[in-house]
Amino acid sequence: MRMRSLDAVFSALADPTRRSILARLAVGEATVNELAAPFTISQPAISRHVKVLAEAGLIVQRVDGTSRPCRLAPGALSELDRYLEQLRSTLTTNYRRLDQL
């Protein structure tokens, strides 16, 4: 399950539009229309990107009347951080061993 989750996160982050959406949401909550404003692609295309990000667990949406504001999911990148820290630790250990040689 963990690797499947990481695969979904990496897949979602592979697209520059989705990374831009996440960067915008780092500033604060936004609706799909607000997220679509700076892009030259359609609002339905942005909605599909939002869906991918939500399915990867990177963002959450809430219902507020007729709008569905998006925001970054709490702890969304914690699994990715743990994975990258594992790699960093292993690389650091390997580099230290090489330095000793």
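**Group meeting: a five-helix, two-strand chain**

I'll start with one residue. Ser47 is partly exposed, because its relative accessible area is 28%, which falls between the 20% limit for buried and the 50% limit for exposed. Ser47 sits in helix 4. Its C-alpha lies 8.5 Å from that of Ala36, and the two residues are 11 positions apart in sequence. Please keep in mind that this is a predicted model.

Now the chain as a whole. What pattern does the protein chain follow along the sequence? Reading along it, we get α-α-α-α-β-β-α. That comes to five helices and two strands.

On overall dimensions, the C-alpha atoms fill a box of roughly 65 × 25 × 25 Å along the principal axes. The radius of gyration is 17 Å, whereas a compact globule of 101 residues would have one near 13 Å. As for burial, 27% of the 101 residues count as buried. Turning to contacts with a sequence separation of 6 or more, 52% of them are between residues 24 or more positions apart.

Next, the core. The largest nonpolar core has 20 residues, and Leu35 and Leu58 are the ones with the most contacts inside it. Which elements give two or more residues to this core? They are helix 1, residues 2–13; helix 2, residues 16–27; helix 3, residues 32–36; and helix 4, residues 43–55.

Let me stay with Leu58 for a moment. Leaving aside residues up to four places away in sequence, Leu58 touches Val9, Ala12, Leu13, Leu22 and Leu53, and also Arg71, Leu72, Ala73, Ala76 and Leu77.

Two of those partners, Leu22 and Leu53, come up again in the helix packing. In general, a packed pair of helices is described by the angle between the axes and the distance between them. For helix 2 and helix 4, the angle is about 75° and the axes are 10 Å apart. The range for roughly perpendicular runs from 65 to 115 degrees, so helix 2 and helix 4 are roughly perpendicular to each other.

Which residues make that contact? From helix 2 we have Thr17, Arg18, Ile21 and Leu22, and from helix 4 we have Ile46, His49, Val52 and Leu53. By type, the residues of this contact are five nonpolar, two polar and one charged.

To recap, helix 2 and helix 4 each give two or more residues to the largest nonpolar core, and they pack at about 75°. Ser47, where I began, is in helix 4 and is partly exposed.

How values were computed. Residues numbered from 1 in each chain as written. Predicted model: local features only at pLDDT ≥ 70, side-chain atom pairs only at ≥ 80, totals over all residues. Heavy atoms only, no water. Core = buried A, V, L, I, M, F, W, Y, C linked by side-chain atoms within 4.5 Å. Buried < 20%, exposed > 50% of the residue type's maximum accessible area, 1.4 Å probe, protein only. Helix = DSSP H or I, 4+ residues; strand = E, 2+ residues; numbered from the N terminus. Contact = heavy atoms within 4.5 Å. Axes fitted to C-alpha atoms, helices over the stretch in contact; angles between N-to-C directions. Parallel < 35°, antiparallel > 145°, perpendicular 65-115°, else oblique. Nonpolar A, V, L, I, M, F, W, Y, C, P; charged D, E, K, R; others polar. Rg over C-alpha atoms; globule rule 2.2 N^0.38 Å.
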